[in-house]
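Okay, thanks for coming, everyone. Let me put the model up and then walk you through a pocket, a helix and a core.

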Amino acid sequence: LRPEALAVRVQGSDFARLGRLPIAQVLDWVRNLKLGSKEREIAAPILSELTQRLEFLFNVGLGYLTLERASRTLSGGEAQRIQLARALGSSLVDTLYVLDEPSVGLHPMDVERLIEVVCRLRDVGNTVVVVEHDPRVMERADWLIDLGPGAGEAGGNVLYQGPPSGLATADRSATGVYLSGHRSVESSSERTNAPDG
């Protein structure tokens with residue numbers, strides 16, 4: 001940033017300091033600004049837009065990122081979620097969004113916020129196609145398509161399509177067997193290591 005930009009301070013913080021903070025902290029800082037009535041009137045449109053954009057980033061699970069983070073250092077999932085936040089901010093309708101496992105690596109609380117974001121995109125008139133393995137995401141879908149029975153050359157067949165409630169009874173669907181609770185993935189504490197030798 002140029003020296004002129006760095007010389008501007010709002011309640012003791014300059015742009016460089018705010019850029020080094022995680023998005024969640026910047027959002028808190030913006031929400032808690034103490035402004036007089038005249039200042040608040042002048043800043044209202046900017047603060048509204050800034051709060052909305054920061055909330056979009058926070059709601060897709062990116063509250064830990066800093067604003068100064070270079071885009072080339074983002075993982076594929078982070079970049080995808082930034083695009084999702086940008087889509088929310090653009091207010092586009094009648095658009096098809098295709099998301100590839102957007103919940104990977106997210107904390108469970110962030111997955112719930114991500115689901116709400118995807119539902120908001122749908123509710124304003126968009127179509128959202130999500131490739132996902134997280135049961136919480138699948139259970140909130142309007143329509144599921146289960147492909148299989150295996151991966152790669154062993155797959156490619158439609159095993160089920162319909163509301164999530166019907167997947168548990170679908171023939172040949174491994175996904176349905178796990179979602180119904182008839183089978184489960186053993187936790188890492190239940191796994192045993194093979195002896196060395």
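So, by class, how many nonpolar, polar and charged residues are in the lining of the largest pocket? The lining has 21 nonpolar, 10 polar and 5 charged residues; Ala, Val, Leu, Ile, Met, Phe, Trp, Tyr, Cys and Pro count as nonpolar, Asp, Glu, Lys and Arg as charged, and the others, Gly among them, as polar.

Quick caveats: this is a predicted model, where local features need pLDDT of at least 70 and side-chain atom pairs count only at pLDDT 80 or more, while totals for chains, interfaces and linings use all residues. Residues are numbered from 1 along each chain as its sequence is written, and side-chain values use heavy atoms, with hydrogens and water left out.

Now helix H4, residues 37-59 (helices are DSSP runs of H or I, at least four residues, and strands are E, at least two, numbered from the N terminus). There's a kink of about 60° at Ala43, shortly before Pro45; that bend is the angle between axes fitted to the seven residues ending there and the seven starting there. Ala43 is also one of the buried residues of H4, along with others including Leu47 and Leu54 (buried is under 20% relative accessible area, 1.4 Å probe, protein chains only). Right after H4 comes Gly61, with a positive phi near 85°.

Last, the largest nonpolar core (buried Ala, Val, Leu, Ile, Met, Phe, Trp, Tyr and Cys joined through side-chain atoms within 4.5 Å). Among its 32 residues, Val30, Leu54, Val60, Leu84 and Leu121 touch the most other members. H6 gives the largest share, 7 residues.

Notes: Buried means under 20% relative accessible area, exposed over 50%, partly exposed in between (1.4 Å probe, protein chains only).
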